[in-house]
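Colleague: I've got this model open on my screen and I'd like a close look at one of its helices. Could you walk me through it, and then through whatever else ties in?

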Amino acid sequence: MHSRFRNGIFLLALFLFLGILLFYFWPSDHSKKNNFEELVEFQNQIDSIKKSVTQKKKAYKLRPFNPNFITEYKGYVLGLSTIELDRLYTYRKEGKWINSIQDFKRITQVSDSLLAKVSPYFKFPDWVQNSKTRTTNKRVLSNLSFVKKKDLNEVTASELIEKVGVPDFISERIIKYRNKLGGFIDDIQLQDVSGLYEYQRNKILSMYTVKTKKNVYKINVNKASVKELIKVPYFDFETALSIRDFVKKSNGISNFKELEKVEGISLEKIDRIALYLKFN
């Protein structure tokens, strides 16, 4: 082979080799540089957002608010943790209300320092404040005799508002629950009205009581079908099914103490449940 031809092939091979090296290394370095620049830019955006949120938090001016309606953002601004907020939301989902600083502390379990910071801005409804005033100055209720008391199954919402001082939405809730039951069987069923405080319930029962009871056929829990059990106001389908399975497994039960073992039975409502059940 001619030496010039051989040298030409060698130079071509060398150029190709150098080109491959350049192509392999140069894009990688360029990509790394671009990636680094993108990361820096992304981090700057994050820092900018954090700075903006911090500035907004500092600039946020607290105004009087009802602690029953704290949003996630407001909770963040106030300094509440997600766990503390979850405690509040869980409590509110049960239909219960926070009506004092002590209630807020007990439910959320916030620190004393945080409570001292936010509690001056708590604003409760006027009826709560009025009820506190009445409670502070309350006298022992003088219960009327059974004869003098009016029928709890005939009292109207307006009577509860005017004569007892129950808030309008609570009085409507009492009537709605009474209609759902088809009439109260016993005074203790007032305990199931969500949002009705004990002192309000006691005041109602000092003036009213169940006189006209509807005839309720007590269900034999040891023989009842699921369909029959769900007629009890305190049982849903799942609870009725659990009761039926438990009775079969136990070959029958003889008292409410045994019934308490059934999953889904509310121990707090066992005295009201007893109004609708029997064992033989």
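Modeller: Sure, let's take helix α11. Its buried residues are T239, A240, I243, R244, F246 and V247. Bear in mind as we go that this is a predicted model. If you look down the axis of α11, those buried residues fall within an arc of 165°, so they line one face of the helix. That face has company: the buried residues of α11 pack against α10, residues 226-229, and α12, residues 256-259. Swing round to the other side of α11 and you'll find E238, K248 and K249 exposed.

As for the helix itself, α11 runs over residues 237-250, which is 14 residues. From the first C-alpha to the last it reaches 20 Å, close to the 20 Å expected at 1.5 Å a residue.

Now step off the end into the loop between α11 and α12, where N251 has its place. Have a look at the backbone there: phi of N251 is near 55°, a positive value in a residue other than glycine. And is N251 buried or exposed? Exposed is over 50% relative accessible area, and N251 counts as exposed because its relative accessibility is 72%.

There's another positive phi to compare, just after α4. Q109 follows α4 and is found in the loop between α4 and α5, residues 112-118. Phi of Q109 is near 60°, and again the residue is not a glycine.

While you're at α4, check its buried residues: D103, F104, I107 and T108. They cover an arc of only 105° around the axis, which puts them on the same side of α4. What do they pack against? The buried residues of α4 pack against α3, residues 82-93, and α5.

α4 also takes part in the largest pocket, which holds about 720 Å³ of space. Of the 23 residues that line this pocket, the closest to its centre are K96, Q191, V193, S194 and G195. The elements giving two or more residues to the lining are α4 (101-108), α8 (168-181) and α9 (198-207). If you sort the lining of the largest pocket by class, you get eight nonpolar, four polar and eleven charged residues.

One last stop, helix α2, which covers residues 72-78 and has L78 in it. L78 counts as buried because its relative accessibility is 2%, and the cut-off for buried is under 20%. Which residues does L78 touch, leaving aside those up to four places away in sequence? The list is L62, F65, I70, L114, K117 and V118. For a feel of the distances, L78 and L115 are 37 residues apart in sequence, yet 9.8 Å apart in space, C-alpha to C-alpha.

K74 lies in helix α2 too. You might want to click on this lysine, since K74 counts as buried at 12% relative accessibility. K74 and L62 are twelve residues apart along the chain, and their C-alpha atoms are separated by 9.6 Å. L62 should ring a bell, as L62 is one of the residues that L78 touches.

So, back to where you asked me to start: with α11 on screen, colour T239, A240, I243, R244, F246 and V247 as the buried set, then E238, K248 and K249 as exposed residues on the other side.

Notes. Residues numbered from 1 in each chain as written. Predicted model: local features only at pLDDT ≥ 70, side-chain atom pairs only at ≥ 80, totals over all residues. Heavy atoms only, no water. 1 Å grid on protein atoms, 1.4 Å probe; cavity = no way out; pocket = protein on both sides within 12 Å on 5 of 7 lines; lining within 4 Å. Points joined across faces, edges and corners; volume = space filled by probe spheres on them. Helix = DSSP H or I, 4+ residues; strand = E, 2+ residues; numbered from the N terminus. Nonpolar A, V, L, I, M, F, W, Y, C, P; charged D, E, K, R; others polar. Expected span 1.5 Å × (residues − 1). Buried < 20%, exposed > 50% of the residue type's maximum accessible area, 1.4 Å probe, protein only. Arc of directions from axis to C-beta. Contact = heavy atoms within 4.5 Å.
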